[in-house]
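Dear colleague,

I am handing over the structure below, together with notes on what was found in it. Please read them with the model open beside you.

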Amino acid sequence: MRNNSPQITQQAIEPYAIRDHQSTRLLQELHILTQDGKMNQDSRRKLKQVFHLTQLIEPLIKQILENQSQMNMVDFGAGKSYLGFILQDLVCKLQSKPCHIIGIEIREELVTYSKNLAKQLNFEQMEFRHLSAEEALIDPNLPHQIDLVTALHACNTATDDAIRFALTRKVKHLVLVPCCQAEVASLLKKSRSQTTSEKHLLQMWRHPIHAREFGSHITNVLRCLQLESYGYEVTVTELVGWEHSMKNELIMASQITNPKKAKAAKLHLEALLNDLDLQVLQHRFT
Ligand SMILES: C[S@@+](CC[C@H](N)C(=O)[O-])C[C@H]1O[C@@H](n2cnc3c(N)ncnc32)[C@H](O)[C@@H]1O
């Protein structure tokens with residue numbers, strides 16, 4: 001696909017310069033660029049996140065394609081599929097082998113929007129499914145082999161479902177930027193102190209804002225241990241500066257095989273669930 005608006009300049013989305021092959025029409029349709037080629041200020045934040053993720057995902061796609069004839073990716077809580085479209089446009093189009101991207105989204109109108117956009121711009125390797133993340137776990141129509149799972153700000157437990165999906169399918173790589181997660185915080189609030197040390201621990205979530213933040217933090221810690229216990233190597237960093245997003249934790253996981261490390265992670269995971277009185281979540285994180 002060619003740039004079809006000559007008036008759109010490289011400066012328009014500086015510092016994320018448009019690459020030669022990139023579709024400015026796509027950027028306009030996603031409202032990242034205005035119709036006269038200017039950067040849409042409201043989209044700047046999202047663009048920064050998506051471009052940064054694209055840079056991190058590009059080497060994973062190339063690595064997958066070195067060893068197989070095509071790549072399948074599933075994006076959970078895809079929304080308007082900014083990530084999928086931009087990845088397809090910036091990276092996938094340049095590969096000599098097909099890269100199939102499937103967006104999973106619970107809101108039907110967003111699925112319809114993405115389907116129409118893909119059709120209109122001939123993004124043939126993109127597919128959108130009106131499914132909850134939980135339904136995707138058992139959907140027989142998704143390809144069996146999935147190589148890469150992404151979830152960018154997928155709400156609440158949708159990130160956990162994305163992880164479960166990836167573990168079940170033995171997906172090679174996961175790229176997750178979790179959103180809020182209310183389940184753990186609500187359970188923490190119900191926990192009752194018994195011993196003195198537990199009473200001290202309770203102070204961590206006595207105030208509602210601490211319960212929310214600690215709940216989110218511990219959820220991500222449990223997610224990382226879960227991935228490690230299944231033999232993934234996990235890195236946790238910041239996606240972009242905190243001024244761009246409050247939900248900024250980037251969890252990247254790649255399959256390796258290290259049984260010793262996996263066993264240690266499993267033990268830590270179980271101990272943490274016990275210490276925090278969260279045994280009821282064993283099914284989710286183990
Ligand atoms: C904050 S938006 C992020 C959208 C997109 N990933 C992005 O970063 O632009 C979260 C999206 O997840 C969808 N969502 C929430 N819960 C979901 C679930 N259980 N299964 C599938 N999609 C879900 C919402 O409808 C929404 O479009």
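Which elements each supply at least two residues of the lining of the largest cavity? They are S2, helix H4 (108–120) and strand S3 (126–130). Please keep in mind throughout that this is a predicted model.

A search of the whole structure finds one cavity of 30 Å³ or more, and the space in the largest cavity comes to about 30 Å³. Its lining includes Gly103, Ile104 and Glu105, as well as Leu110, Val111 and Ser114, with Phe128 and Arg129 also among the residues there. By class, the lining of this cavity divides into five nonpolar, four polar and two charged residues.

The largest pocket has a volume of about 440 Å³, and 22 residues line it, of which Ala133, Cys155, Thr157, Ala158 and Asp161 lie nearest its centre. Two or more residues of that lining come from each of strand S2 (99–105), helix H5 (133–136), helix H6 (158–169) and helix H11 (282–285), and H6 gives the most, with four residues. Sorted by class, the pocket lining holds nine nonpolar, six polar and seven charged residues. S2 therefore appears in both lists, since it gives two or more residues to the lining of the largest pocket and at least two to that of the largest cavity, as defined by DSSP runs.

As for the sheet, seven strands form an open arrangement in the order S3-S2-S1-S4-S5-S7-S6, and the pairing is mixed. S3 and strand S6 (232–238) stand at the edges, and because each has a single partner strand, one side of each is left without a neighbour in the sheet. From one strand to the next, the twist averages 15°. Within this sheet, strand S1 (residues 71–76) pairs with S2 in the parallel sense over six bridges, and Met73 stands opposite Ile101 in S2.

Two helices that lie across strands of the sheet may also be of use to you. Helix H2 (residues 44–67) lies across S1, S2, strand S4 (148–152), strand S5 (173–177) and strand S7 (249–255), and runs at about 170° to S4. Helix H9 (residues 208–229), for its part, lies across S5, S6 and S7, running at about 150° to S6.

With best regards

Technical notes:
Residues numbered from 1 in each chain as written. Predicted model: local features only at pLDDT ≥ 70, side-chain atom pairs only at ≥ 80, totals over all residues. Heavy atoms only, no water. 1 Å grid on protein atoms, 1.4 Å probe; cavity = no way out; pocket = protein on both sides within 12 Å on 5 of 7 lines; lining within 4 Å. Points joined across faces, edges and corners; volume = space filled by probe spheres on them. Nonpolar A, V, L, I, M, F, W, Y, C, P; charged D, E, K, R; others polar. Pairing = 2+ DSSP bridges. Axes fitted to C-alpha atoms, helices over the stretch in contact; angles between N-to-C directions. Contact = heavy atoms within 4.5 Å.
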